[in-house]
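Dear colleague,

I am passing on the structure we spoke about, and below it I have set out what came up when I went through it. Please read the notes with the coordinates open beside you.

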Amino acid sequence: MNSKIKKARTHVTQNEGLIFEKSSPGKKGYKLPELDVPDVNVSKLLGNAERKDLGNMPEVSEIEIIRHFTRMSTWNYGVDTGLYPLGSCTMKYNPRVNEIAARLDGIANAHPYQPEKVSQGALLILQVLRKALMEICGMEAITLQPAAGAHGELTGILLARAYLESKGNARKKILIPDSAHGTNPATAAIAGYSVENLKSNARGMVDIPSLEAQMNEDVAALMVTNPNTLGVFEQEIHKVAEIVHRKGGLVYMDGANMNALVGKARPGDFGVDVMHLNLHKTFSTPHGGGGPGSGPVACKKILEPFLPIPVVVTKSDGSLGFDYDRPQSIGRVRAFYGNFGMHVRALAYIMANGRDGLLQTTEDAVLNANYLRKKLEGVFDLPYSTPSMHEVVFSDHKQTAKGIKTGDIAKRLIDYGFHPYTVSFPLIVHGALMIEPTESESLEELDLFVDAMKAIADECEHTPETVLNAPHTARISRLDEVRAARQPILRWKPQAQGVGKNGD
Amino acid sequence: MRYLPKSPADREQMLRAIGVRSVDELFAPIPAEYRLKRELDLAPSMAEADIMDWYRQRASETAASGYANFLGAGAYHHYRPVVIDTLISRGEFFTAYTPYQPEISQGTLQAIFEFQTMICELTGMEVANASMYDGSTAATEAVMMASRVTGRHSAVVARSVHPEYREVLATYAKNQGMRIAEVAFLDSGRVNAAAVEKAVTEDTACVMIQSPNFFGTIEDVAAIAEIAHRKGALLVVAIAEAVSLGIVKPPQEADIAAMEAQSFGVPLSFGGPYAGVIATKEKFVRQMPGRLVGQTVDKQGRRGFVLTLSTREQHIRREKATSNICTNQALIALMATVFMTVYGREGLKELAQQNLAKAAYAAEEFGRGAKVLFSGAPRFNEFVVQTSEDPKLLNDRLLGQRIIGGFPLKKFYPELGNASLWCCTELTRRTAIEAAAKAVAELPAEVAR
């Protein structure tokens, strides 16, 4: 037993097979109330549209369902468990008051098409959130419709396109720094633009001379993340914006890293024309194993006419409603109005913090990242000496000498009781370790993380096989991802698929 | 602030360790001219009790369970078994992120694998993804996928597909240079097959229909599939009311199914979050957007699950990715997985049958006092009623009886006049149906003159 592992200890956890393996005809997990209308002859009503059999859908009892999912949940690690330092994901505490508010009857059970006069509460929630987010971003208009960050990116780029089209030329290209998140170029392509790469300079920021050379009247927009994916604030952002604007382009900001800026600086003040926010990052809505998110898009007044429909407005009688009469709108990016349940949660977070709490949150986020940087520099290679904001990026350069890569260190962290950081991103750092602690971590948790990382660095030196073969104490060891891709098994089938039952 | 786990002493200690005197020094990289010199114009921090008070007020100003609700039109009011929230609220599901580190994410990964399996079983497809944002974007991305598979750049879409789904498709298609041709529906409520035949060309990537369609009518999927396939196009079938799959034959002849899972235990929540899903044939899997979970083994040969075929996705392929989607709707898909498990093989059928019975009864009752359209083809739990007066006036009267009436269709289908779309689920009480039918039959005093 490794005495250097302080945060975790192994424990008996339950095995649990696939729900289909527990299924047995005649078991039931439900009971419907009696019909209060006459029953129907299905064959008569549906004819050959009738379905007789639901095949391999499971049949299990309620307690089996509770045990099934409860056991599975114990195999996961969440923010509730401990530090979850994924870079640019902002894995902060998900406040539970958000959940209770979202489950109130008038909020959870409101139908999107019910008449506006009986939906004033929901509309007011949207209105208050819109105003709060515009204030935080320094922007003049906003849509809450996009379902996630990437969806927001697409919406924002479409706003830019519509604006430029209204000026006579939508243009052809989007400039994207090589440090950008993959969604940025993917979005540009879906919006019908070609992508041109923009180099970062030796300090990890946008290279101004390259931008000067590449910015022209074919470029619709620059997509920039600020702070960028290295956690570094683009100190020349005003110059960046000026170069883009001078040639008639727009500045789009990926707001994934807003956790470093709330209350300290506003993108609208430093030259950004349009940006998205990630409510599931900065504004505490839960990550849920991969969503739901919410990606509001805030922008300057010049882009307001193009916002997706509908827009929340105050009508002449003082009540709130939706305005669909917007001839220049880019249209809809989804049905209904957006991930309203996440709007409720984000607003509850803003209310709980208030202007004072939001500022303290940002300060703690940046304090935590800088503390980790100070404690771990020298232990891991720091590719850029530029100051970090809310996240820090190291590289595995010191450890690769012993044949160990960032991915291996990440796996060993699991044995130490932590969720790994982001591995191998951003792409401009070879062998990156991208660490964002967020403000939700105590000094104790941070120190445990520092100790763990130092212990692992030591193991890389003296007992590299321990790191290379990690994790050793998880329920499952490293999985064969090559086999998963080469021989894809993407669903359960009734015949045996060559492995034991119950996840053995 | 109660969410921040540091004392002033902790902060001091950390600042000293870093070697700065105050936290302001850590914000020095932000040039002074951009730093906000005032407080944010927001209220100060609120007590939890005050936040709940504020939200209770908003909830009381919004109609919900105290009303009988006849709205469907892409969002359906079904009973949510209580175990759904019990299970999805477990912190390990709820506060985890995308399962990039499979060794400590097997709970999430296995649940998604089960979701993918159940969606295949219900839709008659061979492979399903881990979720899309919702039905409208799933349908849209399905059309984009068909374009990639066939190399063709236009699509034929039935007007009986949800109007907002079509609006979303139009937004995306415009920027991809895709032409969308819309096809009319018949008096039966079904898409005009002859018109589909005429509209499909060698540049048609797919035909898209919805079944049950926006009017609640079940399309003749096999017939449309035959037309599309004969011309080398794919068939995309959108499904907005997932509960229908309990009793309506799944669209097996389709190449891609794009489903909205909201009916499976997801709260109405004023329009979101919901969860879409794309399901298709195995041969098209590499063109599929969204995350996929696959089964594999670990070093000891034990079964485990991982995200797979990632070379389709944005974090690997960037501008060449099948989609830009990253965060999807995983927790919502988990709600749907629990729902499908609770009802299961027999329950989903019984649930669908109750929906069918309620809507059939209602259509008959409404038919006494008004015209029920589209009676020439089978329908599931929605139907269209045409009244002599504007449905908005009818609905105003119904609100007084705490009934939310059907969705007026004039905005999207002006040719249908005073028509509205009514939905009945297992939650719709007979007394509500009778009260609504009576109101529909009654002429208002002003008209009766």
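Leu427(B) is a convenient place to start: this residue sits in the loop of chain B that runs between strand E15 (419-423) and helix H13 (430-441). Please keep in mind throughout that the model is a predicted one. With a relative accessible area of 32%, Leu427(B) is partly exposed, and together with Tyr79(B) and Val82(B) it makes a nonpolar surface patch of about 270 Å².

The strand that precedes this loop, E15(B), leads to the sheet pairing in chain B. E15(B) pairs with E12(B) over five bridges in the antiparallel sense, and within this pairing Val385(B) stands opposite Ser420(B) of E15(B). E12(B) is also joined to strand E11 (residues 371-372) of chain B, again antiparallel, through two bridges, with Lys371(B) having Gln386(B) as its bridge partner in E12(B). Strand E12 of chain B covers residues 382-386, and because four of its five residues are buried, the strand is largely enclosed by the rest of the structure.

Turning to the contact between the two chains, 185 residues of chain B and 215 residues of chain A take part in it. The area that chain B and chain A bury between them is about 17,500 Å², of which 63% is on carbon and sulfur atoms. Which charged pairs cross this interface? The rule finds 16 salt bridges there, among them the one between Asp24(B) and Lys264(A), whose closest N and O atoms are 3.7 Å apart. Another salt bridge is formed by Glu167(B) and Arg332(A), where the closest N and O atoms are 3.2 Å apart. Glu167(B) lies in helix H7 (residues 163-175) of chain B, whereas Arg332(A) lies in the loop of chain A between strand E9 (320-323) and helix H10 (340-376), so this pair joins two chains. The two partners are covered to unlike extents, since Glu167(B) is partly exposed at 24% relative accessibility, while Arg332(A), at 1%, is buried.

Over all chains the structure holds 58 salt bridges, and two further examples may be useful to you. In chain A, Asp323(A) forms a salt bridge with Arg326(A), with 3.9 Å between the closest N and O atoms; Asp323(A) is partly exposed, its relative accessible area being 23%, and Arg326(A) counts as buried at 18%, because the cut-off for buried is under 20%. In chain B, the side chains of Arg80(B) and Asp85(B) meet in a salt bridge at 3.0 Å, N to O, and Asp85(B) is buried, with a relative accessible area of 19%. Arg80(B) and Asp85(B) also belong to a network of salt bridges that links them with Glu99(A), Arg103(A) and Arg345(A).

Finally, a note on His276(A), which is placed in strand E6 (residues 274-276) of chain A. At 1% relative accessibility this residue counts as buried. Leaving aside residues up to four places away in sequence, His276(A) touches a set of residues including Gly149(A), Glu153(A), Tyr252(A), Asp254(A), Pro296(A) and Val297(A). Pro327(A), by comparison, is 51 residues away from His276(A) in sequence and 23 Å away in space, C-alpha to C-alpha.

With best regards

Terms used:
Residues are numbered from 1 along each chain as its sequence is written. Chains are lettered from A and ligands numbered from 1 in the order in which they are written. This is a predicted model: local features need pLDDT of at least 70, side-chain atom pairs count only at pLDDT 80 or more; totals for chains, interfaces and linings use all residues. Side-chain values use heavy atoms; hydrogens and water are left out. Patches are made of residues with over 30% relative accessible area and no salt bridge: like charges are joined within 9 Å, nonpolar side chains (Val, Leu, Ile, Met, Phe, Trp, Tyr) within 5 Å. Accessible areas come from the Shrake-Rupley method with a 1.4 Å probe; for residues, only the protein chains shown count as cover. A salt bridge is a side-chain nitrogen of Lys or Arg within 4 Å of a carboxyl oxygen of Asp or Glu. Buried means under 20% relative accessible area, exposed over 50%, partly exposed in between (1.4 Å probe, protein chains only). Two strands pair if DSSP finds at least two bridges between them. Contact means heavy atoms within 4.5 Å. Buried area is the accessible area (1.4 Å probe) that two parts lose on being put together, summed over both.
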